[in-house]
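Here are some exercises to work through with the model open in your viewer. Try each task before you read its solution.

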Amino acid sequence: MKKYFFVVLLVSFQVFYSSVFAQLNSTNFTAYSELGGTFITDIITDKRGVVWIATSNGLVQYDGYEYKHFDVDPKDPKKMGSILTQKLFVAQDGHIWIGCTELLSEYNPETKTFKNYDISKLTDFPLGSQPAVITINEDSRGRIYFGTHSLIGIKASHALFYKDEKSKALKRFESPNNLEIKNVYKAT
């Protein structure tokens with residue numbers, strides 16, 4: 001019985017290790033020439049083991065063997081909404097959330113489509129302040145919170161918004177004590 005358990009454990013480890021090694025092999029990772037000199041703002045791995053890279057030149061997906069750069073067009077659901085990606089987050093439902101400058105995108109891996117949200121209507125940053133979604137977190141009920149701040153240092157009184165699991169729209173977070181939530185830098 002111990003021998004059988006050891007064999008199953010060894011095979012499981014080999015399957016897991018080869019998948020991870022293919023994704024993190026430094027030769028594969030540096031073979032994407034478009035990443036050379038590009039500022040990387042965030043990296044995550046989704047539930048399928050795919051690596052997502054947020055860069056100053058857009059969103060890149062890496063499956064361990066090939067890179068895919070997503071084109072930008074906020075009106076086309078097959079494309080990203082912004083080239084200026086800041087933060088990545090994998091939600092409980094498997095969707096990838098991409099915090100961008102002046103925009104938030106949600107990627108559905110099943111349909112391979114994006115939904116792009118204009119955050120300017122939810123925050124009260126003045127025009128030209130370059131608000132960016134730089135922190136994303138989810139609570140146990142499936143509510144996802146998005147914190148924003150201005151890339152040029154301007155403050156706003158509504159810098160936090162959320163999306164409930166069953167709602168299609170984003171909503172501004174209103175503090176129960178009417179406190180102003182200015183620039184949000186981190187949510188844990």
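Of the 188 residues of the protein, 45% count as buried. The model is a predicted one, so please read every value below as computed from predicted coordinates.

**Exercise 1. Take stock of the fold.**
Work out how many helices and strands the protein has, and in what order they come.

*Solution.*
Step 1: Count the elements. The secondary structure comes to two helices and twelve strands.
Step 2: Follow the chain from the N terminus. The elements run α-α-β-β-β-β-β-β-β-β-β-β-β-β.
Step 3: Look at the contacts with a separation of 6 or more. Residues 24 or more positions apart account for 46% of them.
Step 4: Add the surface. About 11,200 Å² is accessible, and 57% of this belongs to carbon and sulfur atoms.

**Exercise 2. Trace a hairpin.**
Find how β1 and β2 pair, and which residue in the turn has a positive phi.

*Solution.*
Step 1: Locate the strands. β1 covers residues 40-45 and β2 covers residues 51-55.
Step 2: Check the pairing. The two strands run in the antiparallel sense, with five bridges. One bridge can be picked out by its residues: Ile 44 has Trp 52 in β2 as its partner.
Step 3: Inspect the turn. Five residues lie between the strands of this hairpin, and Gly 49 in the turn has a positive phi of about 90 degrees.

**Exercise 3. Lay out an open sheet.**
Give the strand order of the open sheet of four strands, and name its edges.

*Solution.*
Step 1: Write the order, which is β5-β6-β7-β8, with antiparallel pairing.
Step 2: Find the strands that pair on one side only. These are the edge strands, β5 (85-90) and β8 (113-118).
Step 3: Step across the sheet. From one strand to the next, the twist averages 20 degrees.
Step 4: Zoom in on one pair. Five bridges join β5 to β6 (residues 96-100) in the antiparallel sense, and Val 90 stands opposite Ile 96 in β6.

**Exercise 4. Describe the surroundings of Asp 46.**
Is Asp 46 buried or exposed, and what does its side chain meet?

*Solution.*
Step 1: Place the residue. Asp 46 sits in the loop between β1 and β2.
Step 2: Apply the cut-off. Buried means under 20% relative accessible area, and Asp 46 has 8%, so it is buried.
Step 3: List the contacts. Leaving out residues up to four places away in sequence, Asp 46 touches Trp 52, Val 90 and Ile 96.
Step 4: Look at the polar partners. The side chain of Asp 46 makes a polar contact with that of Trp 52 at 3.0 Å. Asp 46 also shares a salt bridge with Arg 48, 3.0 Å from N to O.

**Exercise 5. Sort the salt bridges.**
How many salt bridges are there, and which parts of the chain does the pair Asp 42 and Lys 87 tie together?

*Solution.*
Step 1: Count them. There are four salt bridges.
Step 2: Take Asp 42 and Lys 87, whose closest N and O atoms are 3.5 Å apart. Asp 42 is in strand β1 and Lys 87 in strand β5, so this pair ties together parts 45 residues apart in sequence.
Step 3: Compare exposure within that pair. Asp 42 is buried at 14% relative accessibility, while Lys 87 is partly exposed at 24%.
Step 4: Repeat for Arg 141 and Asp 139, which form a salt bridge at 3.0 Å between the closest N and O atoms. Here Arg 141 is exposed at 59%, whereas Asp 139 is buried at 18%.

Technical notes
Residues are numbered from 1 along each chain as its sequence is written. This is a predicted model: local features need pLDDT of at least 70, side-chain atom pairs count only at pLDDT 80 or more; totals for chains, interfaces and linings use all residues. Side-chain values use heavy atoms; hydrogens and water are left out. Two strands pair if DSSP finds at least two bridges between them. Buried means under 20% relative accessible area, exposed over 50%, partly exposed in between (1.4 Å probe, protein chains only). A polar contact is a pair of N or O atoms within 3.5 Å; within protein, one must be able to donate a hydrogen and the other to accept it, and residues adjacent in sequence count only if both atoms are side-chain atoms. Contact means heavy atoms within 4.5 Å. Axes are lines fitted to C-alpha atoms, for helices over the stretch in contact, and angles run from 0 to 180 degrees between N-to-C directions. Accessible areas come from the Shrake-Rupley method with a 1.4 Å probe; for residues, only the protein chains shown count as cover.
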